[in-house]
Amino acid sequence: MDENIGSMMGQVSRLLRRSFDARARGIGVTRPQWQVLTLLVRNRGINQGGLAELLEVEPITLGRMIDRLQDAKLVERRADPADRRAWRLFMTDKGLDLLEQLKPLAREAYEEALDGVSADERTMVMDVLERMRTNLSRRQPADIGENT
């Protein structure tokens, strides 16, 4: 089977996650946990439904993950002032400290992946990926279905 850019990106992404997972396991963090924590830092105060959408998981699945993270005092739920039924999610100081411990592990995984790749090549790859992301973000999935 011929390689294509999509399958190559998928394989590299999977291997990078595996490399990071092996490092993160040493401090007791699972992939779903670090994904939730990372997204919460970027999306402070997001509701559970919005976070489930970003993670591409069912809200009930995320609810269980948040329960465990809250039990570990890494995340807290706060009532949404605009909707009594909804909860907003926030990192705790303990959760932020844990993410600080994960950052050097992520850098190690990236450096392993980028070994032998020059600074210019790294910049070029990021530029190409940015353009691809922009191209694919322009159209909504419904728009794509209309053309088939």
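Where is the place of Glu-56? I looked this up first and found Glu-56 in the loop between helix 3 (48-55) and helix 4 (59-71). The model is a predicted one, and I read everything below as such.

**Entry: Glu-56 and Lys-73**

I checked the backbone of Glu-56. Its phi is near 60°, a positive value in a residue other than glycine. I then asked whether Glu-56 is buried or exposed. Its relative accessibility is 73%, so Glu-56 counts as exposed.

I looked at Lys-73 next. Lys-73 is not a glycine, yet its phi is positive, at about 65°. I placed Lys-73 in the loop between helix 4 and strand 1 (75-80). With a relative accessible area of 57%, Lys-73 is exposed, because the cut-off for that class is over 50%.

**Entry: overall layout**

I went through the secondary structure. The protein has seven helices and two strands. Their order along the sequence is α-α-α-α-β-β-α-α-α. I took the extent from the C-alpha trace, which spans about 50 × 45 × 30 Å along its principal axes.

How much of the protein do buried residues make up? I noted 24% of the 148 residues. For contacts with a separation of 6 or more, I noted that residues 24 or more positions apart account for 47%.

**Entry: helix 1 and helix 5**

I looked up how helix 1 (residues 5-25) and helix 5 (residues 93-113) are placed. Their axes come within 9 Å and cross at roughly 140°. Roughly antiparallel would need an angle over 145 degrees, so I recorded helix 1 and helix 5 as oblique to each other. The crossing of helix 1 past helix 5 is right-handed.

I listed the residues that make this contact. Helix 1 contributes Leu-16, Ser-19, Phe-20, Arg-23 and Ala-24. Helix 5 contributes Leu-102, Leu-105, Ala-106, Glu-108, Ala-109, Tyr-110, Glu-112 and Ala-113. Sorted by class, the contact of helix 1 with helix 5 holds nine nonpolar residues, one polar and three charged.

**Entry: Ser-19**

I followed up Ser-19, which lies in helix 1. Is Ser-19 buried or exposed? Its relative accessibility is 14%, so Ser-19 counts as buried. I found a polar contact of 2.5 Å between the side chains of Ser-19 and Arg-23. With neighbours within four places in sequence left aside, Ser-19 is in contact with Ala-109 and Glu-112. Ala-109 and Glu-112 are both among the helix 5 residues listed above.

**Entry: Asp-21**

I stayed in helix 1, where Asp-21 is also found. The relative accessible area of Asp-21 is 11%, which means that the residue is buried. Which residues is Asp-21 in contact with, leaving aside its neighbours within four places in sequence? I found Arg-31 and Trp-34.

I also looked up a C-alpha distance to helix 5. Asp-21 and Ala-106 are 85 residues apart along the chain, and their C-alpha atoms are separated by 9.3 Å. Ala-106 is one of the helix 5 residues in the contact with helix 1.

**Entry: helix 2 and helix 4**

I moved on to helix 2 (residues 31-42) and helix 4. Their axes come within 11 Å, with a crossing angle of roughly 85°. That angle falls in the 65 to 115 range, so helix 2 is roughly perpendicular to helix 4.

Which residues in helix 2 meet helix 4? I found Pro-32, Gln-33, Val-36 and Leu-37. On the side of helix 4, I noted Leu-62, Met-65, Ile-66 and Leu-69. The contact of helix 2 with helix 4 divides into seven nonpolar residues, one polar and no charged.

**Entry: Arg-77**

I ended with Arg-77, whose place is in strand 1. Its relative accessibility is 18%; the cut-off is under 20%, so Arg-77 counts as buried.

What does the side chain of Arg-77 reach at 3.3 Å? I found the backbone oxygen of Gly-63 there. I also recorded a polar contact of 2.9 Å between the side chains of Arg-77 and Asp-67.

I then took the contacts of Arg-77, leaving aside neighbours within four places in sequence. They are Gln-48, Gly-63, Ile-66, Asp-67, Gln-70, Trp-87, Arg-88 and Leu-89. Of these, Ile-66 is also one of the helix 4 residues that meet helix 2.

Terms used. Residues numbered from 1 in each chain as written. Predicted model: local features only at pLDDT ≥ 70, side-chain atom pairs only at ≥ 80, totals over all residues. Heavy atoms only, no water. Axes fitted to C-alpha atoms, helices over the stretch in contact; angles between N-to-C directions. Parallel < 35°, antiparallel > 145°, perpendicular 65-115°, else oblique. Left-handed = near helix turned anticlockwise from the far one by under 90°. Contact = heavy atoms within 4.5 Å. Nonpolar A, V, L, I, M, F, W, Y, C, P; charged D, E, K, R; others polar. Buried < 20%, exposed > 50% of the residue type's maximum accessible area, 1.4 Å probe, protein only. Polar contact = N/O pair within 3.5 Å; in protein donor to acceptor, adjacent residues only side chain to side chain.
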